[in-house]
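Let's take a walk through this fold together, one layer at a time. Please bring up the structure and keep it in view as you read.

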Amino acid sequence: LDQVSLRSALERELKVEAVLDRLTAAHCAVSDDEAAIYYYQHPERFTRPEIRTARHILITVNAAYAENRPERALPRLQQIRRELTDPAQQFEAMARRHSECPSAMEGGRLGRVKPGMLYPALDATLFGMAEGEVSEVVESEIGLHVLWCEAIEPGGVVPFAEVCGKIIDHLSERKRKQFLREWFANP
């Protein structure tokens with residue numbers, strides 16, 4: 001395509017889209033009531049899981065390095081854990097100093113974690129902890145960890161007011177596609 005034919009094709013496509021938008025506008029409007037009905041008929045779509053904000057310190061287990069053999073890595077991480085008397089003040093610095101995970105650069109930050117995002121052993125430990133709690137040493141496929149559960153955001157149903165606009169957009173688009181299918185099938 002040269003520049004002139006590309007411009008012409010884009011202009012035609014924009015005109016067709018504008019005509020279709022005008023054609024469907026009157027037939028595809030969605031009211032708040034329709035959105036509310038959809039919301040209450042599909043509650044499973046509007047639940048959010050519990051989310052935990054977490055950090056960790058990782059010591060990898062690797063028999064090729066003396067300090068990372070299990071018999072030396074475990075006591076080392078247990079000692080680090082014992083030194084964590086005030087996680088809110090100490091955890092980030094301890095992670096930067098001792099963790100062998102790239103997250104050490106961010107103070108061991110794992111971020112906001114949903115169930116199923118971590119290795120199973122870490123996931124089970126993290127979601128069994130209280131807010132502010134530091135775990136015992138936990139073993140995963142990549143090594144030994146100490147977790148800190150910084151915060152817990154409870155799961156639950158998202159309020160209708162928070163999702164109403166998205167529901168209206170979703171239903172409008174669905175109605176638009178249906179209307180256009182029928183319109184093209186029966187001109």
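Which strands does H4 lie across, and at about what angle does H4 run to S2? In this predicted model, H4 crosses S2 and S5, at about 40° to S2. Helix H3 also lies across S2 and S5, and runs at about 30° to S5.

Now look at the sheet beneath your cursor. Its four strands are arranged in the order S3-S2-S5-S4, forming an open sheet with antiparallel pairing. Strand S3 (109-113) and strand S4 (138-140) are at the edges with a single partner strand each, so one side of each has no neighbour in the sheet. On average, neighbouring strands are turned by 40° against each other, direction ignored. At one edge, S4 pairs with S5 over three bridges, and Val138 sits opposite His145 in S5.

Next comes the nonpolar interior. The largest nonpolar core has 13 residues, of which Ile57, Leu77, Leu84, Phe91 and Val146 touch the most other members. Strands S2 and S5 and helices H3 and H4 each give two or more residues to this core. Beyond its neighbours within four places in sequence, Leu77 contacts Ile57, Ile59, Val137, Leu144, His145 and Val146. Another core, of eleven residues, lies apart and includes Tyr39, Val163, Ile168 and Leu171.

Finally, turn to helices H2 (residues 32-41) and H6 (residues 160-185), which pack at an angle of about 100° with their axes 9 Å apart. That angle makes H2 roughly perpendicular to H6. Among the contacting residues are Ala35 and Tyr39 of H2 and Val163, Ile167 and Leu171 of H6. The contact comprises ten nonpolar, one polar and four charged residues.

Terms used
Residues are numbered from 1 along each chain as its sequence is written. This is a predicted model: local features need pLDDT of at least 70, side-chain atom pairs count only at pLDDT 80 or more; totals for chains, interfaces and linings use all residues. Side-chain values use heavy atoms; hydrogens and water are left out. Axes are lines fitted to C-alpha atoms, for helices over the stretch in contact, and angles run from 0 to 180 degrees between N-to-C directions. Angles under 35 degrees count as roughly parallel, over 145 as roughly antiparallel, 65 to 115 as roughly perpendicular and the rest as oblique. Contact means heavy atoms within 4.5 Å. Ala, Val, Leu, Ile, Met, Phe, Trp, Tyr, Cys and Pro count as nonpolar, Asp, Glu, Lys and Arg as charged, and the others, Gly among them, as polar. A nonpolar core is a set of buried Ala, Val, Leu, Ile, Met, Phe, Trp, Tyr and Cys residues joined through side-chain atoms within 4.5 Å. Buried means under 20% relative accessible area, exposed over 50%, partly exposed in between (1.4 Å probe, protein chains only). Two strands pair if DSSP finds at least two bridges between them.
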